[in-house]
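Me: I'm new to this structure and would like a close look at just one part of it. Take me slowly through a sheet and explain the terms as you go.

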Amino acid sequence: MADGEGDPGVFTATALPGDPRLLPTVTSAFLGTRVFRDILHAAGVYSGAAGDTHRADVPSPLGLRMAAPGARSPAQSFTLNTWTGTFSHTIQSPGYTATHQLYAHHSLVHLMASSVTIRRLDGSTHPITVQLQSLFVPQSRDLHLSPGPDFQGAHYIYGQTLVPEVEGGPRPTVHMLWTPIPQWLTLGGEERERCWQFLTAVAGSEEEAKRSYSAGLSLAAAGSLHRSHVRAWAALRRGCSVELDGPLALRQALHGCLYYLLSALPPRDSPGVPFHGISPGGLSNGTRGEDYWGHVFWDQDTWMFPNILLLHPGAARAILHYRIRTLEGARRNAREQGYEGAKFPWESAATGREVCPEEIYGAQEIHITGDVLMAFEQYYCTTQDLKLFQEDGGWELVEAVARYWCSRMEWSEEEQLYHIRGVMPPDEYHSHVDNSAYTNAVARRSLNFAAVLARDLLLPVPEEWEDRARKIKVPFDEERKYHPEYDGYSPGEPVKQADVVLLGFPLMHPMSAEVRRNDLEMYEPVTDPAGPAMTWSMFAVGWLELKELQRAWSQLEKCFSNITEPFKVWVENSDGSGAVNFLTGMGGFLQVILFGFTGFRITRSGLLFDPAFPEGITELKLSSISYLGNRLEVTITREEMRMEVTEASWEPPACALEAVLESGQRFPLAQG
């Protein structure tokens, strides 16, 4: 299966993978499907109570498949073009080509479109017919659907989910309009070429569905529907451009990750539209029993968010709004467990209530609450956006998390330190442990940020926040100079995934280079090689930090066993199990490039940088890094690092920047 013409952003194959889970996805902020699949999902539309909450299956007219009747095994190709955000299937027969395109419109987020184009290649005048095979039935096991009157030539169904997430809670409504799909398409004898357009609009209201369908029809009539999508998608790609000179497999992986992760983001011009979070397998996956049922985890806040923040702070803000909107559910979670403040669910859907099917994770994997707050802190340090905290509910969330951590700690007379007991760390092979190093360190960071933010907002700082941040225990072995994963951890015990190594990055917990190295050395050999894909990225970042470039590359290379061919769809575990289209693994991989190769670290005093490239990589260019209202173009080679401010916002005015070297030399960075 060769990749298209050496272009690292175009993936082409002559056959599809045998496992349909490995087919590429087409997704917008509101709609997602896998190609050739008979269901799609709409953001925020879940059905089922608590432990059974899953993305509601919406029947999809888009899963059609072209066939050439009578042609003996015609040449076929399947292409995912990450530059245009479009999947295509082409049949090449003697005398004609037929091309089927499918895409989720990037600016009309309630619209998905497909088209079939038949083009005559010779001077013949006989009709040419292709067959459209479809499994579409306008029914769903998760929605009570009723037909409505046709609209502008489209069929119409609408209905509600069957079971609310919480008793007495809302049941989301779905309205869908779609172009009827014939079984056959025929190019007349006198025609050289013809294109048929098929639109599907899905929204939470009849008005929005009709508005989106009408807008799509108008663009299609003007011949610019696909072009308008490509233009919007290309603008997003330009604004989030990351390019490197290095091995082809690395560049292909980079473009695949950018395509799948950026597809999940809201367009830049949709600030009023609520965003519903990003699940590990994205919006295209998450039916009952698949990809964690479409729930949102720390995967969003810890693994995907930092990349989104540097490239697209507006989308990062939308992710934080999702957490603010679910704050009341998080408060109820804390109350039900007997604590104060807000405890974010291990698995979240529409309400912020815990929807994890297995109780132990919701009860014990409490580091999620600190992970959420770390995303807020990174956002604040990168944007200084006070409005989010003063007017939009951000401060209430920060305060609630600080109160939760204070109520979750117990004072140990013996050690004269605060303990957090009975937790599951990120390493899910262990539960009911006391003083998980990661959990306690992220709790400390939450409390320190809450105190800093309170001062910046001129609010009183409760004394206990800083007192508990100072006195919380983070296990440390003075003799071996490393962090045990929890009280009683024995060196050599197997670990599921990245855990203590996260203290160095992203937590930036204070430690010497010697301790950082010891943590990496201690946990690298005992981490399960079959564990989830994002793990090796964090070991790679650690070794890059220590300038151990070969060791960093060997860790990064492990990620490639989680990337499937030909469409660069990630699997959670290298044996193919777990979530598919695993955005979490992609998020970790992108952090190696955006934070590992550059050495970028988001701190309160500035954006630190300290580049390091493994062998074989000669240049990295980030065209549009966002920092304090400025857009920076950063180019790093083995010899030099160039920074240029390409844009500075006026409202609010961007902060003036300067580059400061370790020698103390300062270089003002004015626009241009």
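Reply: What follows is about one sheet and the annotated stretch around it, with a quick look at a helix pair for contrast.

First, some ground rules. This is a predicted model, with residues numbered from 1 along each chain as its sequence is written, and local features need a pLDDT of at least 70 while side-chain atom pairs count only at 80 or more, though totals for chains, interfaces and linings use all residues. Side-chain values rest on heavy atoms, with hydrogens and water left out.

pLDDT is the predictor's confidence in each residue, from 0 to 100. Here the protein averages 95, and 99% of the residues score at least 70. Residues 1-5 fall below 50, although beyond near neighbours in sequence that stretch has 15 contacts in the model (heavy atoms within 4.5 Å). Where pLDDT is low, the predicted coordinates should not be read in detail.

Now to our part. An unreviewed UniProt entry carries the annotation "domain: Glycoside hydrolase family 65 C-terminal" for residues 601-647; such annotations may be inferred rather than shown by experiment, and positions follow the numbering used here, with feature names shortened. That span is 60% strand and 0% helix, and its end C-alpha atoms lie 21 Å apart. Strands (E, at least two residues) and helices (H or I, at least four) are DSSP runs, numbered from the N terminus.

So how is the sheet laid out? It is an open one of 4 strands, in the order E19-E26-E27-E28, with antiparallel pairing. Two strands pair if DSSP finds at least two bridges between them. Strands E19 (242-245) and E28 (641-648) are the edges, each pairing on one side only. From one strand to the next, the twist averages 20°; axes are lines fitted to C-alpha atoms (for helices, over the stretch in contact), and angles run from 0 to 180 degrees between N-to-C directions.

Zoom in on E26 (residues 619-627) and E27 (residues 630-637): they pair in the antiparallel sense over 7 bridges. You can find one spot by eye, where Leu-620 stands opposite Ile-636 in E27. In general, strands of a sheet pair through backbone hydrogen bonds, either parallel or antiparallel.

For contrast, look at helices. Helix H13 (residues 513-523) packs against helix H14 (residues 535-545) at an angle of about 145°, with their axes 10 Å apart. Among the residues that meet there are Leu-520 and Tyr-523 in H13, and Phe-539 and Trp-543 in H14.
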